[in-house]
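Q: I have a model open in my viewer and would like to learn how to read it. Could you walk me through its sheet and its helix?

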Amino acid sequence: MEDPNEFVDRVIIDLCSKTFLLLGSESDEKLITCDNTDEFLGVLKVCKEYLPTDQIEYADLSLSNQ
């Protein structure tokens, strides 16, 4: 998302991997990976403050039997 005229169309939040997939208005994608829980919660707070709820999605939880 390098185009200054592009905006975030929606975000997919993956709680398990602490990542945010930003989907742009021009079909660009950017993956944000958080290193720790505090960083993840900070980005989550920004998403919830600035994006309408219909633009926020959550990825399915990945469960394993290991």
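A: Happy to; we will take the sheet, then the helix, and keep in mind that this is a predicted model.

Q: In what order do the strands form the sheet?

A: The general idea comes first: strands of a sheet pair through backbone hydrogen bonds, either parallel or antiparallel. Here 4 strands make an open sheet, ordered S3-S2-S1-S4, with mixed pairing. At the edges are S3 (29-33) and S4 (56-58), each of which pairs on one side only. From one strand to the next, the twist averages 20 degrees.

Q: How many bridges join S1 to S4?

A: Strand S1 (residues 8-14) is joined to S4 by 3 bridges, and the two run parallel. To find the spot on screen, look for Ile 12, which stands opposite Glu 57 in S4.

Q: Where does helix H1 lie?

A: Helix H1 (residues 37-50) lies across S1, S2 (19-24), S3 and S4, and runs at about 35 degrees to S2. At its N-terminal end, Asn 36 acts as a cap, with a side-chain oxygen 3.2 Å from the backbone nitrogen of Asp 38.

Q: Which residues of H1 are buried, and which are exposed on the other side?

A: A useful rule: an α-helix has 3.6 residues a turn, so residues three or four places apart point the same way. In H1, the buried residues are Phe 40, Leu 44 and Cys 47. Viewed down the axis of H1, its buried residues fall within an arc of 60 degrees, so they line one face of the helix. Their cover includes S1, S2 and S4. On the other side of H1, Asp 38, Lys 45 and Tyr 50 are exposed.

Technical notes
Residues numbered from 1 in each chain as written. Predicted model: local features only at pLDDT ≥ 70, side-chain atom pairs only at ≥ 80, totals over all residues. Heavy atoms only, no water. Pairing = 2+ DSSP bridges. Axes fitted to C-alpha atoms, helices over the stretch in contact; angles between N-to-C directions. Contact = heavy atoms within 4.5 Å. Buried < 20%, exposed > 50% of the residue type's maximum accessible area, 1.4 Å probe, protein only. Arc of directions from axis to C-beta. Polar contact = N/O pair within 3.5 Å; in protein donor to acceptor, adjacent residues only side chain to side chain.
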